[in-house]
Amino acid sequence: MADDRLIVALDVPNALAGEELAGRIGDAVNFYKIGLGMLTGGGLALANELKQEHGKRIFLDMKLFDIGATVEAAVRGLAQFDLDFLTVHGDPHVVRAAKEGAAGSDMKILAVTILTSLDRSDLDDCLIRFGDVAELVQERADKAFGAGADGVIASPHEAALVRALPSADGRLIVTPGVRPAGAELGDQKRVATPASAIAQGADHIVVGRPVWKAPDPRKAAEAILHELQGQ
């Protein structure tokens, strides 16, 4: 059985490309992330196919944000697909609504703290209150857990801070912004290697470009899994 700590992001244009990529990776990976970029390209159909026909675990990365009633309705609709993880923004009213929508299903609600592509200057532009990014992530994670989140999305740099929270006991930490040594950073600003992210307290790491842009995606995924074996 593949190590479910590695989640490969199928950040390709459409379901056909995603299906082809998953086929190339084969049984080396058991957990895939399908994001908003593929939503109009058959993302939900691919999620259902990988889950029902191939037995894969699925992380649907939608980062939902709206008024409570709308979030609840959206999550209730998505819960029927028997998926594993779903992201929403970490604002308490959003998390509470998402948990209501997911009631009766096994789908875990993961709260986004602060996107790993953002730094303090970006937060200033967004009029987010002053403070160290890591401290804001920790505070948002605590509030999300208090609202019922099953876990949070946080960069590897903040994983240890989040794990130290009493409210994080039994909750999941999923870290994007993970790059194997030597890989390009792309648009991520707060990054770490796979082994470091797990050592900092992450339960799962999400890796996209270093796998799907590799000449041999399966080999790239296996190299990451090999790095995780010592953790």
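**Reading a predicted fold: a tutorial dialogue**

Tutor: Let us open with a single residue: L127 counts as exposed, because its relative accessibility is 77%. The model under discussion is predicted.

Student: Where in the chain is L127 placed, and what is its phi?

Tutor: L127 belongs to the loop between helix 5 and helix 6. Its phi is positive, about 65°, although the residue is not a glycine.

Student: Which other residue in that loop may be examined, and is R129 buried, partly exposed or exposed?

Tutor: The label depends on cut-offs: under 20% relative accessible area is buried, over 50% is exposed, and partly exposed is in between. R129, also in the loop between helix 5 and helix 6, has a relative accessible area of 48% and is therefore partly exposed. Setting aside residues up to four places away in sequence, R129 touches R120, L136 and E139.

Student: What is the phi of D82, and where is D82 placed?

Tutor: D82 is a residue other than glycine, yet its phi is positive, near 60°. The residue is in the loop between helix 3 (68-79) and strand 4 (85-89). With a relative accessibility of 40%, D82 counts as partly exposed.

Student: Let us turn to the whole chain. How many helices and strands does the protein chain have?

Tutor: An inventory of secondary structure is a useful start. Here the protein chain has 10 helices and eight strands. The next step is to compare the radius of gyration with the globule rule: the protein chain has 17 Å, close to the 17 Å that the rule gives for 231 residues, so the chain is as compact as a globular protein of that length. The C-alpha trace spans about 45 × 40 × 35 Å along its principal axes.

Student: What percentage of the contacts between residues at least 6 apart in sequence join residues at least 24 apart?

Tutor: The share is 65% within the protein chain. A related summary is burial: 51% of the 231 residues are buried.

Student: How should the surface and the charges be read, and how far apart are the mean positions of the positive and negative charges?

Tutor: For the surface, one may look at total area and at atom type. The accessible surface of the protein chain is about 10400 Å², and carbon and sulfur atoms account for 53% of that area. For the charges, one may compare mean positions: those of the 24 positive and 33 negative charges are 1 Å apart.

Student: Why look for groups of buried nonpolar residues?

Tutor: In soluble globular proteins, nonpolar side chains tend to be buried together. In this model the largest nonpolar core has 64 residues, and L6, Y32, V75, L86, V152, V162 and I205 are those with the most contacts inside it. Helix 6 (residues 133-146) supplies the largest share of this core, six residues. A second, separate core has 11 residues, among them A9, F31, F85 and V112.

Student: Which residues does L86 contact, leaving aside neighbours within four places in sequence?

Tutor: On that basis, L86 is in contact with L60, M62, L64, V75, L78, M107, K108, I109 and L110.

Student: Is V88 buried or exposed, and in which strand is V88 found?

Tutor: V88 lies in strand 4 and is buried, since its relative accessible area is 0%. Beyond neighbours within four places in sequence, the contacts of V88 are K63, L64, V94, V95, A98, I109, L110, A111 and V112. Contacts should be kept apart from C-alpha separations: the C-alpha atoms of V88 and T193 are separated by 25 Å, and these residues are 105 apart along the chain.

Student: Which residues does G68 contact, under that convention on sequence neighbours?

Tutor: G68, a residue of helix 3, is in contact with H93 and A97 when neighbours within four places in sequence are left aside. Its relative accessibility is 23%, so G68 counts as partly exposed. The C-alpha atoms of G68 and R171, 103 residues apart along the chain, are separated by 22 Å.

Student: As a last case, where is L115 found, and how far is its C-alpha atom from that of D91?

Tutor: L115 occupies the loop between strand 5 (108-112) and helix 5 (120-125). The C-alpha atoms of L115 and D91 are separated by 13 Å, and the two residues are 24 apart along the chain. L115 counts as partly exposed because its relative accessibility is 31%.

Terms used
Residues are numbered from 1 along each chain as its sequence is written. This is a predicted model: local features need pLDDT of at least 70, side-chain atom pairs count only at pLDDT 80 or more; totals for chains, interfaces and linings use all residues. Side-chain values use heavy atoms; hydrogens and water are left out. Helices (H or I, at least four residues) and strands (E, at least two) are DSSP runs, numbered from the N terminus. The radius of gyration is taken over C-alpha atoms; the globule rule is 2.2 Å times the number of residues to the power 0.38. Buried means under 20% relative accessible area, exposed over 50%, partly exposed in between (1.4 Å probe, protein chains only). Contact means heavy atoms within 4.5 Å. Accessible areas come from the Shrake-Rupley method with a 1.4 Å probe; for residues, only the protein chains shown count as cover. Lys and Arg count as positive and Asp and Glu as negative; His and the chain ends are not counted. The place of a charge is taken as NZ of Lys, CZ of Arg, CG of Asp or CD of Glu. A nonpolar core is a set of buried Ala, Val, Leu, Ile, Met, Phe, Trp, Tyr and Cys residues joined through side-chain atoms within 4.5 Å.
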